[in-house]
Amino acid sequence: MSERPHPLPPEAQALARWTVLLMGWVWLGAQGQRLGWSIASGVVPVVLWWSVRLLATGSPWLRRWPTQAPRILGMATAAVSLLVAAWPGVGHTGLLGLAVVWGLWSALLESRSGHGRCGRRWSGWPPLLAAGLTALGTVAPWPTPVTASVSAAVLLLAAGLSPTGPCQEPPRRAVLHPGAALPASAMGLMMGSLWLGNVWCNAAGWSTAELVGWHLGLMALLPAFTRADLIPRHLPTAATVRLPLVLLCVGSGVLIAGTQAKHGIAGMVLLALAWAVHTGRYHHAAPSWPALVWTGPVLLLAVGLTSPTQGPQSLQWAYGVLGVLALLVTLKNGLADAPQASPPSTWKDAS
C-alpha cells in the first residue's frame with residue numbers, strides 16, 4: 001500500500017500558493033500580450049483564470065477531489081505553460097485551456113488550505129519569497145525566450161509537487177463581505193492590467209522589470225506589514241470593516257484626480273493597502289451583495305475592450321467604478337451589523 005505524502009509545513013504550503021497566485025497574474029498576462037490578441041487587449045486569459053478561481057474556490061464538488069489532484073493539476077499547468085510559451089502552434093486556444101486548468105489548481109489549493117484547524121495564519125515571508133521567485137521566472141534577463149519559459153515551468157512544477165493535506169471543514173465560498181470583495185477586485189484589477197500599464201508606462205520611462213517589481217511589491221509587502229498589529233484590536237468591528245472601503249474610495253479618487261506619476265503611485269498604494277488590511281487581519285462572513293464578487297473580472301474585461309481607444313483613461317474609469325461602489329456599500333449597509341472579524345489563514349482574498 002502506497003503511503004500518502006506528508007503535507008509540508010503551513011509556511012511552505014503558503015509559499016506554493018502565493019507562487020501559483022502571483023505567477024498567474026504575471027505570466028498569463030504576459031502570454032496574452034505576447035500573442036497579440038485583438039480581443040480585449042490580451043487580458044482574456046487572466047479574466048478566465050480569475051473567474052474560474054472565484055467560481056470554484058470553496059465549492060463542495062472541488063473539495064471532494066482526491067488527495068493527488070493538486071499535484072496532477074500542478075504538473076499539467078507546468079507542462080502546458082511550457083508548450084504555450086515554446087510552441088506557437090498552441091496559440092490562443094491552448095492559453096485559454098491553460099487558464100482554466102490553472103484556475104482550478106489555484107482554487108483547489110485554496111480549498112485544501114482551509115481555516116482554523118486545517119491551517120493557520122500565514123507568516124509574512126511566503127509572499128515576499130514568492131514575489132522574488134515570480135520575478136525571477138518571468139522578467140529576469142534570461143538569454144533566450146525558451147530559457148525563460150523553462151524557468152517559469154520549473155517554478156510552477158515545484159509548486160505543483162508540494163503536497164497538501166485534505167481539509168475536513170465545511171466548504172466556504174471564495175469572496176465574502178463587500179469589505180473584502182471590492183478591495184480584492186481593486187487589487188486584481190491592478191495586477192490584471194499590469195501588461196497594459198507596461199505599454200503606457202514604457203512611454204514614460206519605466207522599464208518592464210521596474211513595473212512588474214512595483215506590482216509584485218505592492219501585493220507581497222503590504223500584507224506582511226499589516227500583520228504587525230498596526231490597527232488596534234479594540235476598535236469597533238464596524239470601523240475595522242469600513243477601513244478597506246475608505247482606503248478604496250480615497251485611492252480611487254487619487255487615481256482619477258490626475259495622470260501624473262505621483263497620482264498613480266499614491267493611488268495604487270492606497271488600493272493595495274485596502275486589500276492588504278483585509279487579507280492580513282480580517283475575515284468576514286455572509287455577503288450582502290453577492291454580485292460584487294464578479295466586479296473585478298468584469299471591469300478587467302471592460303478595460304481590455306476599451307483600452308485601444310481610451311488608453312489609460314479606461315483603467316481610471318474602472319477604478320472610479322470601484323470607488324463609487326465602495327461608497328455605496330458603506331452608505332447603504334452602514335456595516336453596523338457586520339459580523340465579528342477574525343484573522344484569515346489563507347491568501348484567497350488576494351483575488
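Is Q31 buried or exposed? The first close-up takes up that residue, and the views after it move on to other parts of this predicted model.

**View 1. Q31 sits in helix α1.** At 9% relative accessibility, Q31 counts as buried, because the cut-off for that label is under 20%. Setting aside neighbours within four places in sequence, Q31 has V84, A85 and L95 as its contacts. Its host, helix α1, spans residues 10-34.

**View 2. L96 belongs to helix α5, residues 91-113.** What does a relative accessibility of 28% make L96? It counts as partly exposed, since 28% falls between the 20% and 50% cut-offs. For a handle on the fold here, try L28: 68 residues separate L96 and L28 along the chain, yet their C-alpha atoms are 9.5 Å apart.

**View 3. W195 is part of helix α9.** This tryptophan comes out at 11% relative accessibility, so W195 counts as buried. Which residues does W195 touch, once those up to four places away in sequence are dropped? The list is W25, V26, G29, A30, Q33, V139, T208 and V212. There's also a long sequence jump to look for: W195 and G32 are 163 residues apart along the chain, with 9.0 Å between their C-alpha atoms.

**View 4. L255 sits in helix α11, residues 237-257.** With 7% relative accessibility, L255 counts as buried. G267 is 12 residues away in sequence, and the C-alpha to C-alpha distance from L255 is 5.1 Å. G267 also turns up among the residues L255 touches, along with H263, G264, M268, L271, Q316 and Y319, again not counting residues up to four places away in sequence.

**View 5. The largest pocket has a volume of about 600 Å³.** How many residues line the largest pocket, and which of them lie nearest its centre? The lining has 25 residues, and W200, C201, T259, G264 and M268 are the ones nearest the centre. Elements that supply two or more lining residues are α9 (194-202), α10 (208-226), α12 (261-281) and α14 (312-333). By type, the lining splits into 15 nonpolar residues, 10 polar and no charged. Two names carry over from the previous view: G264 and M268 are both touched by L255.

**View 6. The largest nonpolar core holds 81 residues.** Which members touch the most other members of this core? They are W27, W49, W102, L182, L189 and M219. Helix α1 gives the most to the core, with 10 residues. For a closer look at one member, take L189: leaving out residues up to four places away in sequence, L189 touches W50, L299, L300, V303, L315, A318, Y319 and L322. Y319 is a contact of L255 too.

**View 7. Zooming back out, the chain has 14 helices and zero strands.** Of its 351 residues, buried ones make up 56%. Among the contacts with a separation of 6 or more, 86% are between residues 24 or more positions apart. The accessible surface of the chain comes to about 14,400 Å², and carbon and sulfur atoms account for 68% of that area.

Key
Residues numbered from 1 in each chain as written. Predicted model: local features only at pLDDT ≥ 70, side-chain atom pairs only at ≥ 80, totals over all residues. Heavy atoms only, no water. 1 Å grid on protein atoms, 1.4 Å probe; cavity = no way out; pocket = protein on both sides within 12 Å on 5 of 7 lines; lining within 4 Å. Points joined across faces, edges and corners; volume = space filled by probe spheres on them. Helix = DSSP H or I, 4+ residues; strand = E, 2+ residues; numbered from the N terminus. Nonpolar A, V, L, I, M, F, W, Y, C, P; charged D, E, K, R; others polar. Core = buried A, V, L, I, M, F, W, Y, C linked by side-chain atoms within 4.5 Å. Buried < 20%, exposed > 50% of the residue type's maximum accessible area, 1.4 Å probe, protein only. Contact = heavy atoms within 4.5 Å. Areas by Shrake-Rupley, 256 points an atom, 1.4 Å probe, with all protein chains shown as cover.
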